[in-house]
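Thanks, everyone. I'll take one helix pair and then three residues. Please look at the screen.

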Amino acid sequence: MSSDFYKKILDNNKNWVESQLAIDKEYFKDLAKGQQPPLLWIGCSDSRVPANEIIGAKPGEVFVHRNIANMVIHSDMNMLSVLDYAVNVLKVKHVIVCGHYGCGGVKAAMGNQSIGLIDNWIRHIKDVYRLHEEYLNSFTDEDERFNKFVEVNVQEQVFDLAKTSIVQGAWRNGQDLTLHGWTYGLNSGYVTDLDVNMSSNGDLDEVYRLKFSN
Ligand code: CO
């Protein structure tokens with residue numbers, strides 16, 4: 001990061017504060033009172049997929065979790081903590097898993113090159129490949145297979161959200177909560193709803209459906 005860039009982002013912040021206050025003197029005082037976002041966004045860390053900007057969400061409207069390749073890994077305490085807080089405290093009504101075409105994490109999972117520690121994170125994406133191997137291998141064009149892999153990865157992450165005790169507990173309690181899977185086109189700016197919307201555990205394989213005793 002050049003020192004010019006570093007100075008510029010500090011200046012940008014001052015300018016942003018001033019422009020917000022010019023519109024509404026109470027803007028930050030009001031935001032500081034609390035948050036009740038209707039949406040949890042689980043996206044990729046990729047710098048080109050900024051959650052708020054692409055959906056036109058203002059501060060206070062979207063709770064955000066991002067990691068490499070927008071993964072929902074059931075032993076990831078960071079993801080589980082964000083999900084639990086969003087669902088049980090903030091009572092979000094929607095959770096969107098947003099993948100994106102051209103995702104470096106998904107691309108790495110298609111290949112065999114070792115990159116380092118991250119290989120262990122990418123392993124989870126390889127598991128998705130194995131699960132959908134027949135479907136994915138049916139695409140002979142590599143770019144097309146890559147795009148389809150991005151899509152089935154999002155779909156599996158939505159299922160993995162639905163498998164959590166947190167989401168199934170909320171549904172059991174009658175909470176209004178819908179999961180969605182999207183992809184984002186880096187070269188178009190548009191998102192696509194992959195139509196994997198879930199608002200009950202009925203679409204999960206039987207073995208994943210939790211029964212609650214109280
Ligand atoms: Co990515």
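**A helix pair and three buried residues**

Start with helix α4, residues 77-89, and helix α9, residues 165-172: their axes come within 9 Å and cross at roughly 15 degrees. Keep in mind that this is a predicted model. How are α4 and α9 oriented to each other? Angles under 35 degrees count as roughly parallel, so α4 and α9 are roughly parallel to each other. Their crossing is right-handed.

Which residues make the contact? From α4 we have L80, L83, D84, V87 and N88. From α9 we have I166, V167 and A170. Sort the contact by class, and six residues are nonpolar, one is polar and one is charged.

Stay on α9. Q168 is also in this helix. Is Q168 buried or exposed? Its relative accessible area is 2%. Buried means under 20%, so Q168 is buried. Now the polar side of that residue. A polar atom of the Q168 side chain lies 3.4 Å from the backbone oxygen of K163. Then the surroundings. Leaving aside neighbours within four places in sequence, Q168 is in contact with A162, K163, N201, L204, Y208, R209, L210 and F212. So K163 turns up twice: as the residue whose backbone oxygen lies 3.4 Å from the Q168 side chain, and in the contact list.

Next, another glutamine. Q157 sits in helix α8, residues 142-163. It is buried as well, and its relative accessible area is 1%. What does the side chain of Q157 reach? The backbone nitrogen of V72, at 2.8 Å. V72 is also among the contacts of Q157 outside its neighbours within four places in sequence. The others in that list are N70, M71, V97 and V128.

Last one: a tyrosine. Y27 is in helix α2, which covers residues 27-31. Its relative accessibility is 16%. With the cut-off for buried at under 20%, Y27 therefore counts as buried. Setting aside neighbours within four places in sequence, Y27 is in contact with Q20 and P59. And how far is Y27 from V17? They are 10 residues apart in sequence, and 9.3 Å apart in space, C-alpha to C-alpha.

To recap. α4 and α9 are roughly parallel, with a right-handed crossing. Q168 is buried, and so is Q157. Y27 counts as buried too. That's my part; over to you for discussion.

Technical notes: Residues numbered from 1 in each chain as written. Predicted model: local features only at pLDDT ≥ 70, side-chain atom pairs only at ≥ 80, totals over all residues. Heavy atoms only, no water. Axes fitted to C-alpha atoms, helices over the stretch in contact; angles between N-to-C directions. Helix = DSSP H or I, 4+ residues; strand = E, 2+ residues; numbered from the N terminus. Parallel < 35°, antiparallel > 145°, perpendicular 65-115°, else oblique. Left-handed = near helix turned anticlockwise from the far one by under 90°. Contact = heavy atoms within 4.5 Å. Nonpolar A, V, L, I, M, F, W, Y, C, P; charged D, E, K, R; others polar. Buried < 20%, exposed > 50% of the residue type's maximum accessible area, 1.4 Å probe, protein only. Polar contact = N/O pair within 3.5 Å; in protein donor to acceptor, adjacent residues only side chain to side chain.
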